[in-house]
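Thanks for coming, everyone. I have one protein to show you today, so let's put it on the screen.

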Amino acid sequence: MAEKAPFSSSSTTTTTTTSLASSTATPSINLIGIFREAIKTPARNGRLMLQTMLLVVSPCTLLVLLHHLFAAPLMEKIEDNYNKSMVHWEDLRALLVIEAPFLLGFWVVSVFGITITIYAAAISYTRRSVSLKDLLSSIQWKKPIITSLYVSFIPIVYAILVIGLIKSINLISKEDAGEAWRGLIAIMAALLYIYLTSVSTLGLVVSVMDDECYGARHSKKL
């Protein structure tokens, strides 16, 4: 008699994600239909959505309060010294040391909130009834983390390229022509940044819902 294969949590997670992706596949709808479904989705599983909202808002609120408690006084001191034309580098270094863990914390909370919200919305849309514990255990955190790192890297490279382009124009063009070119580049850069932000947000959704698409590969799905 053949032995039964042992229970695998990874295969269960993969099956859950795949079933979510397939069950949420519906015929294409227009923009009004998308907004209508977005409004209806939280009501389909109100308890899960409420628990998800509290789980996302709580750590974010805590970080904001801690940041206001530790960083805000030092920021006010630096601002007052700057207005008095006195800048103490020790205060700036201390502020950087304080801000670094907060930036990391906000990034972690952001990835956690986006991921769990996508999963909760997908489950609510399919009218499935699951607990918050089951929802958290079914999430594959590797994919959204890798995609978020990739998405966070894009604006940094983009900002460096835009600043470098503007600096180059300042060097090779006259003052009047430089102002016009800088204004044109600023408008085009803002529009392109909005596009990149939209694609990056959709990429996070794809990385959560698709088992084999994360990191740089998410852009091929868009």
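Let's start with burial. Of the 222 residues in this protein, 27% are buried. Keep in mind that this is a predicted model.

Now the fold. How many helices and how many strands are there? The count is 8 helices and 0 strands. Walk along the sequence and you read α-α-α-α-α-α-α-α.

Next, a pocket. I picked the second largest one. Its space comes to about 160 Å³. Which helices each supply at least two residues of its lining? They are α7, residues 142–172, and α8, residues 175–209. The top contributor is α8, with 6 residues in the lining.

Here is the full list, so you can find them on the screen. The lining has V151, S152, I154, P155 and Y158, together with Y193, L196, T197, S200, T201 and L204. What about chemistry? Sorted by class, that lining has 7 nonpolar residues and 4 polar ones. Charged residues are absent from the lining.

Let's move to the surface. There is a nonpolar patch here, made of L50, M53, L54 and V57. Together these four have about 370 Å² of accessible area. Take M53 from that group. M53 sits in helix α3, which covers residues 46–70. Is M53 buried or partly exposed? M53 counts as partly exposed, because its relative accessible area is 45%, and the partly exposed class runs between under 20% for buried and over 50% for exposed.

Now a loop residue, S131. Find S131 in the loop between α5, residues 89–125, and α6, residues 132–137. S131 has 33% relative accessibility, so S131 is partly exposed too. Which residue lies 83 positions away from S131 along the chain, with a C-alpha separation of 6.8 Å? That partner is L48. So there is a long step in sequence and 6.8 Å in space, C-alpha to C-alpha.

One more pair. L92 lies in helix α5. At 25% relative accessibility, L92 falls in the partly exposed class, because buried needs under 20%. How far is L92 from I78? The two are 14 residues apart in sequence. Their C-alpha atoms are 7.4 Å apart in space.

To recap: 8 helices, 0 strands. A second largest pocket with α8 giving the most to its lining. A nonpolar surface patch that includes M53. And two C-alpha pairs to look at: S131 with L48, and L92 with I78. Over to you for discussion.

Methods. Residues are numbered from 1 along each chain as its sequence is written. This is a predicted model: local features need pLDDT of at least 70, side-chain atom pairs count only at pLDDT 80 or more; totals for chains, interfaces and linings use all residues. Side-chain values use heavy atoms; hydrogens and water are left out. On a 1 Å grid over the protein atoms alone, a cavity is a set of points where a 1.4 Å probe fits but cannot get out, and a pocket is an open set with protein on both sides within 12 Å along at least five of seven lines; lining residues have an atom within 4 Å of a point. Grid points are joined across faces, edges and corners, and a volume is the space filled by probe spheres set on the points. Helices (H or I, at least four residues) and strands (E, at least two) are DSSP runs, numbered from the N terminus. Ala, Val, Leu, Ile, Met, Phe, Trp, Tyr, Cys and Pro count as nonpolar, Asp, Glu, Lys and Arg as charged, and the others, Gly among them, as polar. Patches are made of residues with over 30% relative accessible area and no salt bridge: like charges are joined within 9 Å, nonpolar side chains (Val, Leu, Ile, Met, Phe, Trp, Tyr) within 5 Å. Accessible areas come from the Shrake-Rupley method with a 1.4 Å probe; for residues, only the protein chains shown count as cover. A salt bridge is a side-chain nitrogen of Lys or Arg within 4 Å of a carboxyl oxygen of Asp or Glu. Buried means under 20% relative accessible area, exposed over 50%, partly exposed in between (1.4 Å probe, protein chains only).
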